[in-house]
Amino acid sequence: MKIETLAVHAGHHVDAATGAIAPPIYLSTTFERQVDGSYPHGYKYIRDNNPNREALEQCLCQLEGGVAAAAFSSGSAATMSVFQALQPGSHLIAPLDAYSGTTSLLREIFIPWNLSVTFVDMTDPSAVEQALEPNTKLIWVETPSNPMLKIIDIAKIADITHQVNACCVCDNTWATPMGQNPFQWGADLVVHSTTKYLSGHSDVMGGVAITKAADDFFQKIRSIQTLGGAVASPFDAWLVLRGIQTLPYRMRGHSENALKVARFLSEHPQVETVHYPGLQHHPGHEIAQQQMQLFGGMLSFQVKGGREKAFAVVAKVKLFKRATSLGGVESLIEHRASIEGAGTKTPENLLRVSVGLEHPDDLIEDLAQSLNLD
């Protein structure tokens, strides 16, 4: 089935008890045992499993083309479970430009926990090869990257990963299954913050890890999910599953709007640089064309005049919301370096934009008046 059909039907079943088309929300924390101690319906406790979480995991498996998925209470919890599944003393390679929460997890929690991490410019596959060590067990890919929208060649990095029998993990949050299929290019695991485009309405937090093979490494992730308990709640799973039903059409709208906004910004005299893979001058455009079906709804741009001018632009917006996060129907803008804090490598004149589903002419008009700094 095509992805539009999967988005509507994957994980959805007519309720056997009532015939309801919309799935019920199963809030129960525990389930009745038979007198012999068995669980005939397959559920025993909310931390182990739940019908709503199970339905979401089934849906995400089908969308990404995986064989199993583990849904978590946040994207960071999903990411953390992958790192926790490694043995202390293991080495992993991560991109220099990536979601700051992932970098903070590695620096503040897992390096002290005795994971060895090398951060490299992953747009250069030779840099990844040079960073390999005898105990390299995992390479983390994020493409497009946050916030510079760098494009990583998933197939090349996956090939390097597999040469040393390591695991290639791709954070596919920004692209979504509509825009990019990492398993097709050799990734072993796909991670999402379901908080973002998958749910799509800025009203639920969640995460997921999806595997291409039901191997021992994923079983460790599943065990961490159950034992650690950072699971998606029934209502949160229900909300994400509902949001996914419109994902294909939302992503087309986000991508079309973002390209129009990016083209406007690239021609504006107050803009120094626009980072969007859909623009032909973007250094990763050719790779993006090969491995992406849509270029996505995220972009960033650098304002001429430095930090002060960037904040002046943010202060003048009327339609865009000054807020962190992304993937909702409303357009957001933020000064990313101040969000990331001390040690950030993000340029001080950079603004990150989540382009929503408003009419692009209105978004462009708002940016035009906010960039009028005279």
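**Exercise 1. Cysteines**

Decide whether Cys-59 is buried or exposed in this predicted model, and determine how many disulfides a search of the whole structure finds.

*Solution.* Begin with accessibility: Cys-59 has a relative accessible area of 0%, and because buried means under 20%, Cys-59 counts as buried. Next, turn to the search of the whole structure, which finds zero disulfides. In keeping with that result, Cys-59 is in no disulfide, and the nearest cysteine sulfur, which belongs to Cys-61, lies 9.4 Å away. Finally, apply the cut-off to a second cysteine: a disulfide requires sulfur atoms within 2.5 Å, whereas the sulfur of Cys-167 is 7.2 Å from the closest cysteine sulfur, that of Cys-168, and this is too far for a bond. Cys-167 is likewise classed as buried, at 12% relative accessibility.

**Exercise 2. A salt bridge within a helix**

Find where Glu-57 and Arg-53 lie, and state whether each of the two residues is buried or exposed.

*Solution.* First establish the contact: the closest N and O atoms of Glu-57 and Arg-53 are 3.9 Å apart, and the two residues form a salt bridge, for which the cut-off is 4 Å. Then place the partners, which both belong to helix α2 (residues 51-64) and are separated by four residues, or about one turn of the helix. The spacing can be read through helix geometry: an α-helix has 3.6 residues a turn, so residues three or four places apart point the same way. Last, consider accessibility, which is 8% for Glu-57 and 1% for Arg-53, so that both residues are buried.

**Exercise 3. Salt bridges between distant parts of the chain**

The structure holds seven salt bridges; for the pair Arg-307 and Glu-348, and then for the pair Arg-352 and Glu-334, work out which elements are linked.

*Solution.* Take the pair Arg-307 and Glu-348, whose side chains meet in a salt bridge with an N to O distance of 2.6 Å. This pair links distant parts of the chain, 41 residues apart, with Arg-307 in helix α12 (residues 306-316) and Glu-348 in the loop between α13 (336-340) and β12 (350-354). Both partners are partly exposed, Arg-307 at 39% relative accessibility and Glu-348 at 35%.

Now take Arg-352 and Glu-334, whose side chains meet at 3.1 Å, N to O. Here Arg-352 in strand β12 is linked to Glu-334 in strand β11 (residues 332-335), the two being 18 residues apart. The accessible areas place Arg-352 at 4% and Glu-334 at 5%, so each counts as buried. The pair also belongs to a network, in which salt bridges that share partners join Glu-334, Arg-336, Glu-340 and Arg-352.

**Exercise 4. A surface patch and a helix**

Identify which residues make the nonpolar surface patch of about 280 Å², and then state which residues of α8 are buried.

*Solution.* For the patch, the contributing residues are Ile-25, Leu-27 and Phe-235. Leu-27 sits in the loop between α1 (3-9) and α2, and its relative accessibility of 59% makes it exposed.

For the helix, note that α8 (residues 216-228) has 13 residues and reaches 18 Å from its first C-alpha to its last, close to the 18 Å expected at 1.5 Å a residue. Its buried residues are Phe-217, Phe-218, Ile-221, Gln-225 and Thr-226. Just after α8, Gly-229 adopts a positive phi of about 85 degrees.

Definitions and conventions. Residues numbered from 1 in each chain as written. Predicted model: local features only at pLDDT ≥ 70, side-chain atom pairs only at ≥ 80, totals over all residues. Heavy atoms only, no water. Buried < 20%, exposed > 50% of the residue type's maximum accessible area, 1.4 Å probe, protein only. Patch = residues over 30% accessible without salt bridge, like charges linked within 9 Å, V, L, I, M, F, W, Y side chains within 5 Å. Areas by Shrake-Rupley, 256 points an atom, 1.4 Å probe, with all protein chains shown as cover. Expected span 1.5 Å × (residues − 1).
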